[in-house]
Amino acid sequence: MDDVWIKGCRRVDEKLRKRDKKIDLYRGIAAIGVVSIHTAFWSGESYVPQWFQSLTLLIDVPYFFFIAGKSARFHEGSVVQTGRSLYKMWIKWIFAVSVLAVGCFIFKGGGITDFRDLLRNFWFHVSFEGLPVIGGSIWFMPYYIVVSLVNQVMLAILPYSSEMFGDGKKWYCGLMLFAFCWTAAGHGFLGMDAYYLFYSFYWMLGIISPSLQIKHLKKLMQILFLVLTGYLLAGYYTDIPYMNLQQAKFPPQLPYLFASLIGIAFTVYFERHIKKPNPYVVHIGQNAFFYYIAQGVGSSMLYRILPMITTDLWFVKWGISFIANLLITVVTAEFFAAAYGWLEKFCKKVVWVVVNRN
């Protein structure tokens, strides 16, 4: 009996590992998408047209939450496991902030002023003046922590039967969507924040993603038509210019909701066609958090690089800037990952020595 149970666990583990590669692929795509976004914005504000900036926002923070929900399916309702994952992420953040603080001190890059300031940065109150995009990138982390924990609690208390539990998740996802639309229309919903409701919907959409199937191109085109129609109607209703998606992002409004569904629709459609995920993009996805921090470094460095790019063609300037940003991001993220891996091994060896001495 034990052998059967062990073999079953091994099959499940193999299935999860195979599934993780796809999720890491999506994370990698999202990380590269953020590099693209912050190349078009920030330093790109001076030359990139607004319509192109809006185009880059099609793979943005909602996509991250959707992928986070897909990943959370492997430990649905486990608040403890979610807490551990968030704690590990926070430790990585502390490590990266500490390294950046030392780097800014050495190179006089406008970093952290004192120990109290360092502690504030540990709690996501970012103050790297020389690296402004880091502070502008990490705003979503408090929402990510709250959304992950609260919705895992909700999954834990939903009825635990295969049929009712599945329906419960879908109803709850629909409730988050309704509540957000209700608040976006100017009403209140139990005092809940529009950001929380918006990103909870996308997180739950990832949870129920196995039931989302787009098998044929015709169905994909129909969904995209409906989404684009909804985007146009939402833009008309909210008086937000169609080419200014950024205006619908802070706070999230209906046009941003519909626009963000486009990337998810393509992901659901192409998911069944992915046989061998690109290993380089998968690698980026496996270190997505370090890449997300590193793009803040690269995007900030563009302010110094941009004056050296003298072409008047905006798309050429953006292309060169994107490549430069991506290269800086890769080098910085790989350094973070390697240094963190070394430190982790060192700490484990120290603990092992201490334990064995006793």
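Tutor: Let's start with a yardstick: buried means under 20% relative accessible area, exposed over 50%, and partly exposed in between, using a 1.4 Å probe and protein chains only. This is a predicted model, where local features need pLDDT of at least 70, side-chain atom pairs count only at pLDDT 80 or more, and totals for chains, interfaces and linings use all residues. Residues are numbered from 1 along each chain as its sequence is written, and side-chain values use heavy atoms, with hydrogens and water left out.

Student: Why is Arg 272 called partly exposed?

Tutor: Its relative accessible area is 44%. That lies between the 20% and 50% cut-offs, so Arg 272 is partly exposed.

Student: What makes Lys 215 a contact of Arg 272?

Tutor: Contact means heavy atoms within 4.5 Å. Arg 272 touches Ile 214 and Lys 215, leaving aside residues up to four places away in sequence. Arg 272 and Lys 215 are 57 residues apart in sequence, with C-alpha atoms 8.0 Å apart. The side chain of Arg 272 reaches the backbone oxygen of Lys 215 at 3.3 Å.

Student: Which residue classes line the second largest pocket?

Tutor: Nonpolar covers Ala, Val, Leu, Ile, Met, Phe, Trp, Tyr, Cys and Pro; Asp, Glu, Lys and Arg are charged, and the others, Gly among them, polar. The lining has 11 nonpolar, four polar and one charged. Among the residues nearest the centre of this pocket are Leu 100, Gly 103 and Phe 107.

Student: What is the split in the largest pocket?

Tutor: There the lining has 21 nonpolar, 11 polar and six charged residues.

Definitions and conventions:
On a 1 Å grid over the protein atoms alone, a cavity is a set of points where a 1.4 Å probe fits but cannot get out, and a pocket is an open set with protein on both sides within 12 Å along at least five of seven lines; lining residues have an atom within 4 Å of a point. A polar contact is a pair of N or O atoms within 3.5 Å; within protein, one must be able to donate a hydrogen and the other to accept it, and residues adjacent in sequence count only if both atoms are side-chain atoms.
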